[in-house]
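Here are a few exercises to work through with the model open beside you. Try each task before reading its solution.

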Amino acid sequence: MDVHETGGGSILPETAANRIEDLLKQFVSRAHELLETQERMRGLLSAVVSVAEELTLEAVLDRVVTSARDLVGARYAALGVLAPEGGLLSHFLTVGMDDETVSRIGAPPTGHGVLGLLIREPHPIRLHDLGAHADSYGFPANHPPMHSFLGVPIRVRDEVFGNLYLTEKAGGEDFSAEDEDLAVALAAAAGVAIENARLFADIARRQRWREASMGVAGGILEMDEPEDAFELIAEQALVLSESDLAAVALPWHDGEQVRWPAVVGAAAEEFDAVARAGAVALAARAVAGGHPILAEGAEVFGGAHRGIRQVLVVPGSQGIGAVVLARAQGGPPISPVDVEMAPGFFAYTALALQVARTHLLREQLVVFSDRDRIARDLHDIVIQRLFAAGLSLQGLRRFIPHGAGEKIDAITAELDESIAAVRSTIYSLNEASATDRLSARLVRVVQDGARSLPSAPRVELYGPIDTAVSPAVGDHVVAVLTEGVSNVVRHAQADSLWVTASVSGGRLELVVSDDGQGLGEVTRRSGLKNVEDRARVLGGTCEVGSSDDGGTRLRWEVPLGGR
């Protein structure tokens with residue numbers, strides 16, 4: 001046996017010395033591997049923490065692709081976001097190429113070749129040579145060479161959000177199984193961060209809708225003319241939903257089925273008669289179902305309008321028939337948050353519009369009261385005094401010299417002219433009251449006709465009464481309401497009176513109810529017959545029966561597109 005002698009006299013076999021040396025080398029190698037692993041784990045932890053720090057989706061995606069490249073030692077990295085309908089990449093981020101190179105390459109990939117393979121089969125892929133793969137699609141001109149490849153899908157819950165692409169491992173090596181594990185771990189953390197960023201964006205988007213609801217409502221209440229609010233509502237909805245078209249529809253105006261007081265957005269010119277007809281049909285479904293409808297643009301606008309990608313129709317309230325929002329092709333789809341928040345926004349703004357109309361109506365009633373007071377004062381005081389002064393002057397003729405009689409006649413003539421002018425003013429005031437808004441006329445009829453009732457009458461107006469009802473139909477409505485209120489006051493012996501006028505679905509409904517002694521035996525039908533005749537002339541109906549309080553209920557309904 002070979003031995004080694006040392007100065008100390010100890011002797012070790014040669015094979016034992018070699019074994020110890022091998023063990024020491026293995027220990028050092030393992031220690032080095034452990035240090036590398038520890039360093040990479042630190043890198044993974046640092047990458048996960050940095051990704052989790054971001055709140056916006058754009059920042060998260062940028063941090064993910066940058067961290068992935070540094071973590072596995074790749075020269076190039078990219079992140080492809082899948083389109084909602086799947087099969088293609090809607091967004092493509094790259095790291096490692098300068099702007100000039102990216103510009104020379106041209107359009108980003110959409111999901112062909114190996115990139116498409118990862119889309120179709122969302123599992124990690126490691127390749128020695130990307131170009132040698134059977135599914136390789138090749139590189140465009142001016143594209144830098146790429147060989148080693150690592151692809152990892154990014155999942156958000158159970159949905160594949162996109163894919164992480166890494167190429168050109170440092171040193172010309174292939175990506176290892178450890179690189180794949182690190183990339184998979186980072187992709188898992190990225191999925192959580194992306195979901196958090198989405199939730200944060202949704203919260204911010206909902207907050208913008210809420211703040212806009214209050215802002216638009218305040219703006220509507222400050223307007224002198226509430227009907228000008230439709231343009232403001234459409235413009236705000238266009239911005240909030242990031243749409244290319246926003247249109248507000250009002251139902252049944254002057255015999256037409258729908259009126260569009262506001263159409264705004266880049267795609268407004270494409271909203272022609274064909275597109276509007278499709279939107280009206282979808283709006284009818286939304287109103288009937290009582291909930292928004294999200295549809296494809298081709299379904300709503302027809303083949304001639306395939307430039308519209310998606311359409312959201314929200315049924316309106318308080319006089320707004322429906323609101324149409326549309327996104328053009330090439331852009332992102334309508335957000336589920338917009339589908340959720342838009343109905344609340346339009347309901348809130350429509351309520352503000354109704355309040356503004358009520359305020360305007362109240363102001364008009366004050367003006368009407370002043371007109372009535374002025375007309376009464378002119379008639380009962382001013383005219384009588386002028387007339388009395390004229391008579392007094394004429395009575396003085398016999399007490400004064402003959403030459404002064406001509407002067408008295410001239411003064412009397414001026415008084416007569418003043419009386420005529422005052423009467424003309426009174427007539428003008430009455431005419432102005434008769435031609436004001438229909439809603440104001442209806443309220444005035446109830447206010448003037450029900451003064452003798454023990455309690456104040458209640459009047460409720462719904463829908464676009466002032467805009468959707470033609471003057472001819474409005475005159476019939478005023479006459480019917482006048483007859484109905486008169487019957488309650490004269491015959492019902494009622495304490496309370498309720499009047500409801502509403503416009504919806506292309507029809508006007510007027511209901512007059514009381515808590516009096518009920519219909520009883522009808523001895524005279526002249527007034528009621530006139531009401532029925534008015535309904536028949538307009539193609540409507542008239543019903544008289546018992547109210548819920550035991551009194552009488554008159555229901556008069558006519559189509560707004562009638563004769």
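**Exercise 1. Aromatic rings**

Task: Find which residues the ring pairs link into a cluster, and work out why the pair of W260 and F271 is classed as it is.

Solution: Start with the cluster: in this predicted model, F92, F149 and Y165 are joined by ring pairs. Next, take the count, which comes to five aromatic pairs. A pair of aromatic rings is described by the distance of the centres and the angle of the planes. For W260 and F271, the centres are 5.0 Å apart and the planes stand at 90°. Planes over 60 degrees apart count as edge-to-face, so the pair of W260 and F271 is edge-to-face.

Now place the two residues in the chain. W260 belongs to strand β9 (residues 256-264), while F271 sits in the loop between β9 and α7 (273-289), so the pair ties together parts 11 residues apart in sequence. Finally, check burial, for which the cut-off is under 20% relative accessible area. W260, at 16%, counts as buried, and F271, with 3%, is buried too.

**Exercise 2. A glutamate in a helix**

Task: Decide whether E195 is buried or exposed, and name the residues that E195 touches.

Solution: First locate E195, which lies in helix α5 (residues 177-221). Its relative accessibility is 16%, so E195 counts as buried. Then look for its partners: leaving out residues up to four places away in sequence, E195 touches V156 and R157.

**Exercise 3. Strand β17 and its partners**

Task: Work out which strands pair with β17 and why β17 is largely enclosed.

Solution: Begin with β15 (residues 507-514), which runs antiparallel to β17 and is joined to it by seven bridges. Here V511 stands opposite R555. Turn next to β16 (residues 541-546), which pairs with β17 over six bridges, also in the antiparallel sense. On that side, V544 faces L554 as its opposite number. β16 and β17 form a hairpin with five residues between them, and G550 in the turn has a positive phi of about 90°.

The last step is burial. Seven of the eight residues of β17 (residues 552-559) are buried, so the strand is largely enclosed by the rest of the structure.

**Exercise 4. The nonpolar cores**

Task: Trace which elements supply the largest nonpolar core, and find which one gives the largest share.

Solution: The largest core has 35 residues, and those with the most contacts inside it include L442, L508 and W556. At least two residues of this core come from each of α11 (438-449), α12 (465-468), α13 (471-492), β14 (497-504), β15, α14 (526-537) and β17. The largest share, eight residues, is supplied by α13.

To see the contacts around one member, select V512, which is among those with the most contacts inside the core. Setting aside neighbours within four places in sequence, V512 is in contact with residues including L481, V488, L497 and L554. Apart from this core lies another, of 30 residues, among them A262, V314, F345 and A356.

**Exercise 5. Confidence**

Task: Say where in the chain confidence is lowest and where it is highest.

Solution: Take the whole chain first: its pLDDT averages 77, and 70% of the residues score at least 70. Among its elements, confidence is lowest in strand β1 (residues 3-5), with a mean of 49, and highest in β17, at 91. Then examine residues 252-256, where the pLDDT is below 50; in the model, this stretch has 14 contacts beyond near neighbours in sequence.

Note on methods. Residues numbered from 1 in each chain as written. Predicted model: local features only at pLDDT ≥ 70, side-chain atom pairs only at ≥ 80, totals over all residues. Heavy atoms only, no water. Phe/Tyr/Trp six-rings, centres within 6.5 Å; stacked < 30°, edge-to-face > 60°. Helix = DSSP H or I, 4+ residues; strand = E, 2+ residues; numbered from the N terminus. Buried < 20%, exposed > 50% of the residue type's maximum accessible area, 1.4 Å probe, protein only. Contact = heavy atoms within 4.5 Å. Pairing = 2+ DSSP bridges. Core = buried A, V, L, I, M, F, W, Y, C linked by side-chain atoms within 4.5 Å. pLDDT = per-residue confidence, 0-100.
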